[in-house]
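Subject: Structure handover

Hello,

Here is the structure I promised to pass on. Please open it next to this email and follow along.

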Amino acid sequence: MSPKILPILLLLCSNVFMTFAWYGHLKFGDRPLPLVILVSWLIALAEYCFAVPANRIGHSVYNAAELKTMQEVITLTVFAVFSVFYLDERLTLNHLVGFGFIGLGAFFVFKGPLN
């Protein structure tokens, strides 16, 4: 698979795991916090198994700032879907505008130097 595409797919998988590690427990507020932390760490371990190769492979074709920007945009996308479908929360216009500004920032990171 292309080293331009593979990091994106790995970061997508990574962010699904990390979103569950960070926010999945919100549906289980009755569980003891130490248990929630342990389970979150185990999920985060799986997340690292995708994130580290994504960055290693991706760095052959993207610089670190581009990789980080990709990760942030993917994180917001995964989180938006997660919050609507898993947590049953609404995305408001304010959220979408804020995400749009972050997307605009990502555009400038990938656009290259401004002259």
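A word on the record before we use it: UniProt annotations may be inferred rather than shown by experiment. The model itself is predicted.

**What the record says**

The unreviewed UniProt entry marks residues 5-23, 35-57, 69-87 and 93-110 as "transmembrane region". I looked at two of these stretches in the model. Residues 5-23 are 95% helix and 0% strand. The end C-alpha atoms of that stretch lie 27 Å apart. Residues 69-87 are 89% helix and 0% strand. Here the end C-alpha atoms are 25 Å apart.

**The overall picture**

How many helices and strands does the protein have? Four helices and zero strands. Along the sequence the pattern reads α-α-α-α. The C-alpha atoms fill a box of roughly 55 × 35 × 20 Å, taken along the principal axes. The protein has 115 residues, and 25% of them count as buried. Now take the contacts with a separation of 6 or more: 77% of them come from residues 24 or more positions apart.

**The core**

Which residues make up the largest nonpolar core? There are eight: Leu-10, Leu-11, Ala-54, Tyr-62, Leu-67, Met-70, Ile-74 and Val-78. Helices α1 (6-23) and α3 (64-85) each supply at least two of them. The largest share, four residues, comes from α3.

Val-78 is a good one to click on. Leaving out residues up to four places away in sequence, Val-78 touches Leu-12, Asn-15, Val-16 and Thr-19.

**Helix α3**

Start with the length of α3. It has 22 residues, so at 1.5 Å a residue it should span 32 Å. Its end C-alpha atoms are 31 Å apart, which agrees.

Look next at the start of α3. A side-chain oxygen of Asn-63 comes to within 3.0 Å of the backbone nitrogen of Ala-65.

The buried residues of α3 are Glu-66, Leu-67, Thr-69, Met-70, Gln-71, Ile-74, Val-78, Ala-80, Phe-82 and Ser-83. What covers them? The cover includes α1, α2 (33-58) and α4.

Ser-83 sits in this helix. Its relative accessibility is 3%, so Ser-83 counts as buried. Apart from residues up to four places away in sequence, Ser-83 touches Asp-88, Glu-89 and Leu-91.

**The loop after α3, and helix α4**

Asp-88 lies in the loop between α3 and α4. Its phi is positive, about 55°, although Asp-88 is not a glycine. Is Asp-88 buried or exposed? It is exposed, because its relative accessible area is 62% and the cut-off for exposed is over 50%.

Helix α4 runs over residues 93-111. With 19 residues at 1.5 Å each, α4 should span 27 Å. The end C-alpha atoms are 26 Å apart, so the two values agree. Gly-112 follows α4. The phi of Gly-112 is positive too, near 100°.

**Two residues in α2**

Ser-40 is in helix α2. At 13% relative accessibility, Ser-40 counts as buried, because the limit for buried is under 20%. Setting aside neighbours within four places in sequence, Ser-40 is in contact with Ala-21 and His-25.

Pro-34 is also placed in α2. At 63% relative accessibility, Pro-34 counts as exposed. Try a distance here: from Pro-34 to Gly-98, C-alpha to C-alpha, is 33 Å. In sequence, Pro-34 and Gly-98 are 64 residues apart.

**The cysteines**

A disulfide is a covalent bond between the sulfur atoms of two cysteines. How many disulfides does a search of the whole structure find? Zero. Cys-13 is in no disulfide, and the nearest cysteine sulfur, that of Cys-49, is 12 Å away. A pair would count only with its sulfur atoms within 2.5 Å. Cys-13 is partly exposed, with a relative accessible area of 34%. Cys-49 is in no disulfide either. Cys-49 is exposed, at a relative accessible area of 52%.

**Where to begin**

Begin with α3, which gives the core its largest share. Then move on to Asp-88 in the loop between α3 and α4.

Best wishes

Methods: Residues are numbered from 1 along each chain as its sequence is written. This is a predicted model: local features need pLDDT of at least 70, side-chain atom pairs count only at pLDDT 80 or more; totals for chains, interfaces and linings use all residues. Side-chain values use heavy atoms; hydrogens and water are left out. A nonpolar core is a set of buried Ala, Val, Leu, Ile, Met, Phe, Trp, Tyr and Cys residues joined through side-chain atoms within 4.5 Å. Buried means under 20% relative accessible area, exposed over 50%, partly exposed in between (1.4 Å probe, protein chains only). Helices (H or I, at least four residues) and strands (E, at least two) are DSSP runs, numbered from the N terminus. Contact means heavy atoms within 4.5 Å. The expected span of a helix is 1.5 Å times one less than its number of residues. A polar contact is a pair of N or O atoms within 3.5 Å; within protein, one must be able to donate a hydrogen and the other to accept it, and residues adjacent in sequence count only if both atoms are side-chain atoms.
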